[in-house]
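Student: I have a protein structure open on my screen, and I would like to learn how to read it. Could you go through it with me?

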Amino acid sequence: MNAQQDSAAGSDKDRVVIFDTTLRDGEQCPGASMTFEEKLEVAELLDTMGVDIIEAGFPIASVGDFESVAEIARRTKRAVIAGLARAIPGDIARAGEAVRHARRGRIHTFVSTSPIHLEHQMRKTQAEVLEIIAATVTQARNLVEDVEWSAMDATRTPLDYLARCIEVAIKAGATTINLPDTVGYATPDEYRAMFRTMRETVPNADKAIFSVHCHNDLGLAVANSLAGLEGGARQIECTINGIGERAGNAALEEVVMALSVRRDVLPYSTGIDARMLTRASRLVSAVTSFPVQYNKAIVGRNAFAHESGIHQDGMLKHNQTYEIMTPESVGVSKTSLVMGKHSGRAAFRDKLKAMGYELGENALNDAFTRFKDLADRKKVVYDEDIEALVDQGIAAAHD
Ligand code: KIV
Ligand code: ZN
């Protein structure tokens, strides 16, 4: 670990560095582009919530990208600002220029290492790629102290060749080694084992922090990221709401809460203020116009909503019956007991009480029967509907 990472990580060996790439890999997904101002707003929130490293963009991609990375670098108070660069001298120089004004800047350079990419995309031999790694990491390291090197498509790369690439990158000065599951192909066991093998076999592996970067093509991005930690990685690359190429990246809010809720089996910590997760999710959803699915873990509209009678009854008796974290812990004001056809009498009574109605047993039964009738016809029964049916009952009793 270098000095910058050491302070970002609080020098605790189980402290996990959170590297957010919402503004780079997240923005790369079709339809998620953000304006200059929106990027600044997202970066400011990420910095305030305790993200350690913000990958602010891909400076060579466009003038706009360069300018937003440079401005985020100038303004950010705490986080390290990273700029992405292919293994091309012009890319690396441009990334170096963009992060120059950061209090702490990082160049993140990558090259493919898998046979399928080498043969069909890059048309380079393994030996040529090793030379490229040595030259580009050296160039980056001459510009900044903090250099991350990524082996694109690492999970489809033969382990012996991957180990040689990492050895060359560390020797040339890389301080973070990222092993992405670029196409979301790995399983947790494979991903964990890959990190373990690299940590154990590559000379000087302890000179760098190892990093996970997982895509969600098989819905395994978060599980793989956590498995990578067990294999020795200490940096997680992730995005708010899991946005990213194709099926997306590991969702920041999910990894953070998995580490917080299951500390008993995942003994790692982050510096994130989890109470800001919902706010961050809403901001990213608003600026990208990407809706958050209702049942999305942690930040979905239904993450703390209960409709069935059995669950509502349990929740009214004890909040841990059907919730493994409190809504407040992720910035949601309270649990909601949604009134629908599955709701029971206990939740209905509670709802009436909260709305200021104290009904006798007969009136309550009567209102509950009318509520069930209505709920059969409507997906969700709103407070106004309940008000109307209680008022109808009161009016009928006076006739
Ligand atoms: O998925 C990937 O391999 C990437 C690299 C650029 C790190 O996003
Ligand atoms: Zn990626």
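Tutor: We will go from the whole chain to a few of its details. Keep in mind that this is a predicted model.

Student: Let's begin with the overall picture. How many helices and strands are there in the protein chain?

Tutor: The protein chain has 16 helices and 10 strands. Its C-alpha trace spans about 90 × 40 × 40 Å along the principal axes. Of its 399 residues, 47% count as buried.

Student: Where does UniProt place the domain?

Tutor: An unreviewed UniProt entry puts the feature "domain: Pyruvate carboxyltransferase" at residues 16-278. In the model, that span is 45% helix and 18% strand, and its end C-alpha atoms lie 21 Å apart.

Student: In what order do the strands of the barrel follow one another?

Tutor: Trace them as β1-β2-β3-β4-β5-β6-β7-β8: these 8 strands close into a barrel, and their pairing is parallel. From one strand to the next, the twist averages 25 degrees.

Student: Let me look at a single strand, then. Is β5 enclosed or open?

Tutor: Count its buried residues. In β5, residues 146-152, 7 of the 7 are buried, so the strand is largely enclosed by the rest of the structure.

Student: And which way do the side chains of β5 point?

Tutor: The general idea comes first. In a regular strand, side chains alternate between the two faces of the sheet. Here D146, E148, S150 and M152 point one way, while V147, W149 and A151 point the other way. All of these residues are buried.

Student: What joins β5 to the strands beside it?

Tutor: Look for bridges. Strand β4, residues 105-112, runs parallel to β5 and is joined to it by 7 bridges. As an example, S112 stands opposite M152 of β5. Strand β6, residues 176-181, also runs parallel to β5, with 3 bridges between them. One of the pairs there is S150 with its bridge partner N178 in β6.

Student: Through which helix does the chain cross from β5 to β6?

Tutor: The chain passes through α8, residues 159-171, and this β-α-β crossover is right-handed.

Student: How should I describe α8 and α9 where they pack?

Tutor: Two packed helices are described by the angle between their axes and the distance between those axes. For α8 and α9 (residues 188-201), the angle is about 50 degrees and the axes are 10 Å apart. That angle makes α8 oblique to α9. Their crossing is right-handed.

Student: Can we see one more strand pair?

Tutor: Try β7, residues 209-214, and β8, residues 235-238, which run parallel and are joined by 3 bridges. There, S211 has Q235 of β8 as its bridge partner.

Student: Now the backbone angles. Which sign of phi does N204 have?

Tutor: Most residues other than glycine have a negative phi. N204 is not a glycine, yet its phi is positive, at about 60 degrees. You will find N204 in the loop between α9 and β7.

Student: Is N204 buried or exposed?

Tutor: N204 counts as exposed because it has 10 C-beta neighbours inside 10 Å. The cut-off for exposed is 12 or fewer.

Student: I see that I298 is in a loop too. What should I notice there?

Tutor: I298 lies in the loop between α12 (277-288) and β9 (305-306). Its phi is positive, about 70 degrees, although I298 is not a glycine. I298 has 26 C-beta neighbours inside 10 Å, so it counts as buried.

Notes. Residues are numbered from 1 along each chain as its sequence is written. Chains are lettered from A and ligands numbered from 1 in the order in which they are written. This is a predicted model: local features need pLDDT of at least 70, side-chain atom pairs count only at pLDDT 80 or more; totals for chains, interfaces and linings use all residues. UniProt positions are given in the numbering used here, feature names are shortened, and annotations may be inferred rather than shown by experiment. Helices (H or I, at least four residues) and strands (E, at least two) are DSSP runs, numbered from the N terminus. A residue is buried if 20 or more other C-beta atoms lie within 10 Å of its own, exposed if 12 or fewer, and partly exposed in between; C-beta atoms are placed from the backbone. Two strands pair if DSSP finds at least two bridges between them. A crossover is right-handed if, with the strands pointing away from the viewer, the path from the first strand over the helix to the second runs clockwise. Axes are lines fitted to C-alpha atoms, for helices over the stretch in contact, and angles run from 0 to 180 degrees between N-to-C directions. Angles under 35 degrees count as roughly parallel, over 145 as roughly antiparallel, 65 to 115 as roughly perpendicular and the rest as oblique. A crossing is left-handed if the near helix is turned anticlockwise from the far one by less than a right angle, and right-handed if clockwise.
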